[in-house]
Amino acid sequence: MTAVAEALSQPEGSISALSETSGRAALALRVTGTLAVVGVVATAWLGLFVTPNDVNMGDLVRLLYIHPPMAWVAFVAYGIASLSSLLYLWPRTRHPRFDRMAGASAETGVVFTGLTLVTGSIWGRPTWGVWWTWDPLLTTTALLFVLYLGYLALRRVPGDSEAVAKRAAVASLVAFVDVPIVYFSVSWWRSLHQAPTVDLTGRHLYVHGSMAWTLLLGFVSFTLVYAWLVGHRYRLSTLRQREADECLTAAVAERQQEGQS
Amino acid sequence: MSGYVEAGYSVVLVALGGYSISVVVRERAARRRLPAKLPGRSADRTGEDGGGSR
């Protein structure tokens with residue numbers, strides 16, 4: 001999260017401060033990226049070759065080390081997108097950087113939600129005998145995926161940048177309502193899906209020993225991957241915005257020159 | 001090891017790797033398009049905040 005915090009904390013206006021801070025942000029991103037790669041490789045090695053098979057699930061338990069972390073990161077991504085949207089909508093904290101952070105985080109969240117659905121489907125085929133079933137958890141997760149795809153599409157609708165940002169922020173908050181529904185769906189409705197492996201409300205982990213450590217490493221590693229991705233995606237949005245601003249300034253200057261001549 | 005496990009890990013690796021590469025490539029392309037116009041900063045300095053909403 002350091003990379004994200006560094007990216008967001010950059011000041012406006014001071015050029016020397018900008019260079020210094022962006023240098024720190026770049027370093028933070030590099031460190032985050034390195035840690036993320038090491039963590040993911042370690043998770044894959046432990047998950048595939050070190051941890052034992054499960055009594056009930058057998059070999060398929062190895063998918064546990066990647067599937068719940070994908071869902072967790074998607075929730076974190078949407079949480080940060082919603083928080084940023086809220087900060088954008090709040091008049092006292094309104095700043096384009098929050099809109100850009102919301103967009104970057106939501107896009108990354110969509111990637112992780114897609115992977116949650118795919119890895120879940122791969123686990124479901126040998127376990128339930130089907131690739132897909134209209135189970136409450138699966139259905140609400142698919143809905144979450146579609147809602148945030150819609151959010152990303154809404155961001156691309158042409159228009160006044162502030163109006164687009166406000167509209168997107170509201171859409172992000174509306175879509176976030178589905179996140180707790182996804183998490184609690186296994187408790188609220190009869191579900192084919194097993195209960196969460198990590199109980200966030202009761203702070204309980206339903207695996208032990210090397211399996212628990214590998215799962216926790218998976219959570220940390222993929223969260224770092226998310227932080228690295230969001231950092232880069234945020235920088236990309238900033239660069240594109242600056243490019244658009246400079247094009248506009250150049251066009252205005254050109255028109256003014258035409259008027260004078 | 002079951003083919004499902006291998007498929008799961010491969011999908012995650014390919015998707016995250018592909019998305020990471022796409023973001024970094026797009027960022028570098030955007031950086032190249034943006035000349036260093038401000039004094040005291042080079043074109044490869046990124047992450048600065050401007051205005052706008054995308």
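What follows is a chat between a trainee and a mentor about a predicted model.

Trainee: Let's start with the overall picture. What makes up the secondary structure of chain A?

Mentor: Chain A comes to 8 helices and 2 strands. From the N terminus on, the order is α-α-α-α-α-α-α-β-β-α. Buried residues account for 50% of the 261 residues. Among contacts between residues at least 6 apart in sequence, 70% join residues at least 24 apart.

Trainee: Okay, on to Asp178(A). Why is Asp178(A) called buried?

Mentor: Its relative accessible area is 5%, and buried means under 20%, so Asp178(A) counts as buried. This residue lies in helix 7, which spans residues 178–188 of chain A.

Trainee: Which residues is Asp178(A) in contact with, leaving aside neighbours within four places in sequence?

Mentor: Those are Thr140(A), Leu143(A), Leu144(A) and Leu147(A). Take Thr140(A): 38 residues separate it from Asp178(A) along the chain, yet their C-alpha atoms are 7.1 Å apart.

Trainee: What makes the approach of the Asp178(A) side chain to the backbone nitrogen of Leu144(A) a polar contact?

Mentor: The distance is 3.1 Å. The cut-off for such a pair of N or O atoms is within 3.5 Å, so this pair qualifies as a polar contact.

Trainee: Now the helices themselves. How do you know that helix 5 and helix 7 of chain A are roughly antiparallel?

Mentor: Look at the angle: the axes of helix 5 (residues 136–155) and helix 7 come within 8 Å and cross at roughly 165°. Angles over 145 count as roughly antiparallel, so that is what helix 5 and helix 7 of chain A are. By class, their contact has 9 nonpolar, 3 polar and 1 charged residues. The crossing is left-handed.

Trainee: And which residues of helix 5 and helix 7 of chain A meet there?

Mentor: On the helix 5 side they include Pro136(A), Leu137(A) and Thr141(A), and on the helix 7 side Val179(A), Ile181(A) and Val182(A) are among them. Asp178(A) belongs to the helix 7 set too.

Trainee: What about helix 4 and helix 8 of chain A: why are they called oblique?

Mentor: Here the axes also come within 8 Å, but they cross at roughly 135°. That is not over 145, the cut-off for roughly antiparallel, and it falls outside the 65 to 115 range for roughly perpendicular. Helix 4 and helix 8 of chain A are therefore oblique. By class, their contact has 9 nonpolar, 5 polar and 4 charged residues, and the crossing is right-handed.

Trainee: Glu107(A) sits in helix 4 of chain A. How do you know that Glu107(A) is buried?

Mentor: Its relative accessible area is 14%. With the limit at under 20%, Glu107(A) is therefore buried. Glu107(A) is one of the helix 4 residues that meet helix 8 of chain A. Beyond residues up to four places away in sequence, it touches Leu152(A), Arg233(A), Tyr19(B) and Arg26(B).

Trainee: What makes the pairing of Glu107(A) with Tyr19(B) a polar contact?

Mentor: Their side chains come to 2.5 Å, and the cut-off is within 3.5 Å, so the label fits.

Trainee: Last one: why does Thr214(A) count as buried?

Mentor: Thr214(A), a residue of helix 8 of chain A, has 2% relative accessibility. The threshold is under 20%, so buried is the right word. Its side chain reaches the backbone oxygen of Ser210(A) at 2.6 Å. Not counting residues up to four places away in sequence, Thr214(A) touches Thr43(A), Leu46(A), Gly47(A), Thr51(A) and Tyr65(A).

Notes: Residues numbered from 1 in each chain as written. Chains lettered and ligands numbered in written order. Predicted model: local features only at pLDDT ≥ 70, side-chain atom pairs only at ≥ 80, totals over all residues. Heavy atoms only, no water. Buried < 20%, exposed > 50% of the residue type's maximum accessible area, 1.4 Å probe, protein only. Contact = heavy atoms within 4.5 Å. Polar contact = N/O pair within 3.5 Å; in protein donor to acceptor, adjacent residues only side chain to side chain. Axes fitted to C-alpha atoms, helices over the stretch in contact; angles between N-to-C directions. Parallel < 35°, antiparallel > 145°, perpendicular 65-115°, else oblique. Left-handed = near helix turned anticlockwise from the far one by under 90°. Nonpolar A, V, L, I, M, F, W, Y, C, P; charged D, E, K, R; others polar.
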